[in-house]
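Notebook open, coffee ready. Here is the model I want to look through today.

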Amino acid sequence: MRRLVWRPAELISCVAETESARTLRFRVPGWPGHLPGQHVDVRLTADDGYTAQRSYSVANPTDGDLVELTVENVPDGEVSPYLTEVMRAGDRLEIRGPVGGWFVWRQESTAPVLLVGGGSGIVPLMAMIRARRLAGGRVPFRLLYSLRDPARRYYAEELRRPDPGLDVTYLYTRSAPEGVSRPARRLMLEDLAEGGWPASAEADCYVCGPTGFVEAAADLLLALGHAPERIRTERFGPTGG
Ligand SMILES: Cc1cc2nc3c(=O)[nH]c(=O)nc-3n(C[C@H](O)[C@H](O)[C@H](O)COP(=O)(O)OP(=O)(O)OC[C@H]3O[C@@H](n4cnc5c(N)ncnc54)[C@H](O)[C@@H]3O)c2cc1C
């Protein structure tokens with residue numbers, strides 16, 4: 001197995017996704033490349049040598065030595081407020097990875113794909129959507145994106161652009177925009193039945209978000225008859241240590 005090493009990473013640019021989240025683009029010399037769905041470890045070191053480390057999914061398909069992360073500000077968090085509010089272009093931190101070999105989409109796969117994301121759980125799913133588009137992929141993708149309200153949408157403009165074979169459904173949990181008939185509520189069986197694939201399609205299902213969301217969504221997919229080995233999950237629980 002390849003040994004993971006910490007590499008210096010320089011922030012090249014950042015853009016706001018929402019009021020509380022931003023996408024950070026890093027240059028990581030020597031980066032070995034990654035698969036859509038993988039994550040990295042990020043390490044910050046203070047002047048006194050104190051370090052803090054967290055995991056973040058990679059948002060971009062592999063692209064030389066560029067690594068993009070989208071980070072949600074967790075109020076009172078140790079690392080995410082620094083990444084979302086303090087860090088400026090030219091600043092450095094360390095990145096280690098890529099990590100994870102199961103929650104990945106490979107472009108040679110021919111199965112239809114269901115992506116189910118809750119909140120910032122959209123990030124690795126977006127890497128898959130972008131990788132498919134970049135490769136001119138024809139495998140159909142369906143994205144169910146659960147979020148509190150429209151102001152929380154990541155990648156809003158990009159997901160609005162036509163992308164043949166990609167269907168996007170927003171599922172609002174707190175407040176839905178005018179004209180949307182589905183009332184704001186948590187993900188339910190009918191959401192997956194209507195916006196997803198029938199079990200007979202033998203789709204590969206990728207579910208990512210907060211632990212509770214992931215467990216609920218995976219249970220619903222099982223209840224709909226999807227095969228357990230086709231359901232891949234990534235839980236965005238607290239990290240660190
Ligand atoms: C594989 C993996 C990939 C991840 N990818 C992303 C990503 O792409 N974007 C992203 O924004 N985050 C992602 N996370 C979450 C991330 O690792 C951190 O947990 C998060 O940024 C909070 O770190 P912090 O230092 O700001 O907060 P901390 O100082 O660690 O925690 C502050 C408080 O917030 C709570 N808390 C911490 N993390 C979470 C959380 N995720 N959900 C709810 N409460 C929490 C803690 O229990 C604590 O009470 C990922 C986690 C994993 C395991």
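What radius of gyration would a compact globule with 241 residues have, and what does the protein have? The rule puts a compact globule near 18 Å, and the protein has 18 Å, so the two agree. (I took the radius over C-alpha atoms, and the globule rule is 2.2 Å times the number of residues to the power 0.38.)

A note to self on the ground rules: this is a predicted model, so local features need pLDDT of at least 70 and side-chain atom pairs count only at pLDDT 80 or more, while totals for chains, interfaces and linings use all residues. Residues are numbered from 1 along each chain as its sequence is written, and side-chain values use heavy atoms, with hydrogens and water left out.

**Overall build.** I looked up the span of the C-alpha trace along its principal axes, and it is about 55 × 40 × 35 Å. The secondary structure comes to 5 helices and 11 strands. (These are DSSP runs numbered from the N terminus: H or I with at least four residues for helices, E with at least two for strands.)

**Around the ligand.** Which residues come nearest? Of the 21 around the ligand, they are Arg-54, Ser-55, Tyr-56, Ser-80 and Thr-239. (Being near takes a heavy atom within 4 Å.) β4 (51-57), β5 (66-72), α1 (80-86) and β11 (231-235) each supply at least two residues of the shell, and β4 gives the most, with 4 residues. By class I get 8 nonpolar, 8 polar and 5 charged residues. (Ala, Val, Leu, Ile, Met, Phe, Trp, Tyr, Cys and Pro are nonpolar, Asp, Glu, Lys and Arg charged, and the others, Gly among them, polar.)

**Backbone contacts.** Next I checked polar contacts, meaning N or O pairs within 3.5 Å. A backbone N or O atom of Thr-70 lies 2.9 Å from a ligand nitrogen, and one of Phe-236 lies 2.8 Å from a ligand nitrogen. For Val-79, a backbone N or O atom sits 2.8 Å from a ligand oxygen. The protein covers 74% of the 900 Å² of accessible area that the ligand has on its own (Shrake-Rupley method, 1.4 Å probe).

**Backbone oddities.** The peptide bond from Gly-97 to Pro-98 is cis, with omega near 0 degrees, and Pro-98 lies in strand β6 (residues 92-99). Asp-76 is not a glycine, yet I found a positive phi of about 70 degrees there. Asp-76 belongs to the loop between β5 and α1.

Note on methods: A polar contact is a pair of N or O atoms within 3.5 Å; within protein, one must be able to donate a hydrogen and the other to accept it, and residues adjacent in sequence count only if both atoms are side-chain atoms.
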